[in-house]
Amino acid sequence: MRYLRLLGAFYRTSIQTDMEYRADFFTRIIASLLGLLTTIGSLSVAFTYTTNIKGWSFSHVMVLLAVYYLMDGLIETFIAPNMRNIMAQVREGTLDFVLLKPVVPQFMATLRTINIWRIANILVALGLAGYSISRLSLSVGLSEASSFAITLLAGTAVVYSFWLFLVTLTFWFVRLDNIEQVIWQAFEAGRYPIEIYPYWLRGALTYVIPVAFIITVPAKALTGQLAFSYSFVALGMGCLSILLSSAFWRYGLRFYTGASS
Amino acid sequence: MKYWINIYRAHLKIGTAIMFQYRFAVLIWAVWGFVGPLLGLAVWSAASSSHGGNITGPQGATFTDRDFAAYFLVFMIVSHLTMSWDAFEFAFRVRDGNLSPRLLKPIHPIHGDLATNLAFKFVTSTMLLPIWALLFYFLKPSLPPPNWTQLLAIPAILIALVLRYIWQYSLALIAFWTTRVEAINQFYFTLDGFLAGRIAPLALLPGWLGVVATYSPFRSMGYFPVELILGRVPSDQILSGFLFQVFWLVVGVGVFRLMWAGGIKQYSAVGA
């Protein structure tokens, strides 16, 4: 309960800061719409020649794209700003100020700020999802909606853990900000159905950098192509990844040499 | 002439030294250039295999899997050699006033920037060469037998480099009026994606989009040299391709001069 109140305070203060840069919201909306336009345009050119690509219709790919943008928005709004902060704090030794606070360090470090204007991506994604679902004239019932919510939550948990794992590595290696670029480069592949990639890349995108798990799976859940029971498997994987990465973080913290120690 | 050679030599030396200092970070940035073409290749070869093995455009140009591999790999290299990112840098400099000391120098800042750009390409291309070679080995592109017209791609790439550079720099100058250029840049990259052949070979664009792409400056910035290397330009269209390049280059230089003259009066950093 106390932690929920704290979270509210964290988010309130960071939204207040962002309110000073309101024009950023429009920049983000425009940038995200144009990025979307490029991807949709390139897909629709490809789809003028064929009605399905490896079993995916145009509208199904649109749903996938919406999930991609949704995930991108969630990461940039809630996860990435904190993780970038931690990397900077470890380098500069200012993580001390986080560790000294009378709360669980992981909570304080990974949920401290949000980047509210990145919500633009989430809004654009929700619009696209609504539009493409109505085009498919899919009936999204309670089971699709809940299985989508569960798999999306699980996907977010996996992203969070993956990033926490990387951040923990900075306790030993200090400079890892370039790794973030590599991860984003792999994340780009999530724009398209995993089936279009060659066999070895599909494996890498499923098991090494779990792009398929965080994007393709929720998209399939939303369009009813996923067995409901699988969403519980996904949820289990999400929980497991959180547990493992938190344990690794606590282990890594012991190796942190702050500015004062 | 000797004056300019000396200036560029000095700038290139500094630029190369800086790039070597940050070689790892620079390499990771350069790898971004792989993402677009490889994704394009994945989409198009999946589309062609779902369509019976090949795709024929409205004008009759046919692409198989291995043609797509050739197209996107060559495009990746040409795009790396001609790219520029100065629009981002320039807006920063206008915003934080870092442009001021550069204006005090006796030569136009564009020369130093162009030299840095060339140094980046020199350093990264040598590092990327083995990766490119591996990609060519594994993706098995179908390349045409070597012939003399492919050598014309060298001047075409050089013109494309300067052309893209001057247009992007002109775009960056909008920062004099607006200070923020992210949205404008994104718009430019969207156009570039469609009209330079980044998302698909221009020969496969449908209807009006294909017509626009034929006459736009973006064709000269990327697609034309790529097609020369792939031997897809009919011999009676080579000359007109070069004329288009030169035409857009002249227009670009004109626009740049006008915007610079107007923009520099707008510039209002501390001390300017």
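The following exercises, each with a worked solution, go through a predicted model of two chains, A and B.

In this predicted model, local features need pLDDT of at least 70 and side-chain atom pairs count only at pLDDT 80 or more, while totals for chains, interfaces and linings use all residues. Residues are numbered from 1 along each chain as its sequence is written, chains are lettered from A and ligands numbered from 1 in the order in which they are written, and side-chain values use heavy atoms, with hydrogens and water left out.

**Exercise 1. The nonpolar core**

Task: find which residues touch the most other members of the largest nonpolar core, and which helix gives the most to this core.

Solution: Begin with the term itself, for a nonpolar core is a set of buried Ala, Val, Leu, Ile, Met, Phe, Trp, Tyr and Cys residues joined through side-chain atoms within 4.5 Å. Buried here means under 20% relative accessible area, whereas exposed means over 50% and partly exposed lies in between (1.4 Å probe, protein chains only). The largest such core has 122 residues, and A:Met71, A:Trp163, A:Ile215 and B:Trp44 touch the most other members. Helix 3 (residues 58-92) of chain A gives the most to this core, with 20 residues; helices (H or I, at least four residues) and strands (E, at least two) are DSSP runs, numbered from the N terminus. As a last step, take A:Met71, which, leaving aside its neighbours within four places in sequence, is in contact (heavy atoms within 4.5 Å) with residues including A:Leu152, A:Phe187 and A:Ile215. Apart from this core lies another, of 21 residues, among them B:Phe90 and B:Tyr267.

**Exercise 2. Where the two chains meet**

Task: describe the interface of chain A and chain B by its contacts, its buried area and the elements of chain A that touch chain B.

Solution: Start with the contacts, in which 28 residues of chain A meet 32 residues of chain B. The area buried between the chains is about 2,600 Å², of which carbon and sulfur atoms give 74%; buried area is the accessible area (1.4 Å probe) that two parts lose on being put together, summed over both. In chain A, A:Val45, A:Tyr49 and A:Gln185 lose the most area to chain B, together 26% of what that side buries. Next, search for charged and polar pairs: the rule finds 0 salt bridges across this interface, where a salt bridge is a side-chain nitrogen of Lys or Arg within 4 Å of a carboxyl oxygen of Asp or Glu, but it finds 6 residue pairs in polar contact, both at pLDDT 80 or more. A polar contact is a pair of N or O atoms within 3.5 Å; within protein, one must be able to donate a hydrogen and the other to accept it, and residues adjacent in sequence count only if both atoms are side-chain atoms. Finally, helix 2 (23-47), strand 1 (52-53) and helix 8 (177-187) of chain A are the elements that give two or more residues to the side that touches chain B, and the largest share, 12 residues, comes from helix 2.

**Exercise 3. A glutamine in helix 5**

Task: decide whether A:Gln106 counts as buried or exposed, and find which side chains its own side chain meets in polar contacts.

Solution: Locate A:Gln106 in helix 5 (residues 105-110) of chain A. A:Gln106 counts as buried because its relative accessibility is 11%. The side chain of A:Gln106 makes one polar contact with the side chain of A:Tyr160 (3.1 Å) and another with the side chain of A:Ser246 (3.2 Å).

**Exercise 4. Salt bridges within chain A**

Task: find which residues are linked with A:Glu76 in a network of salt bridges, and which residue pairs with A:Glu195.

Solution: A search of the whole structure finds 8 salt bridges over all chains. A:Glu76, A:Arg84 and A:Glu180 are linked in a network, in which the side chains of A:Arg84 and A:Glu76 meet at 3.3 Å, N to O. A:Glu76 has 7% relative accessibility and therefore counts as buried, whereas A:Arg84, at 33%, is partly exposed. A:Glu195 forms a salt bridge with A:Lys220, the closest N and O atoms being 3.3 Å apart. This pair links distant parts of the chain, with A:Glu195 in the loop between helix 8 and helix 9 (199-208) and A:Lys220 in helix 10 (residues 211-222), 25 residues apart.
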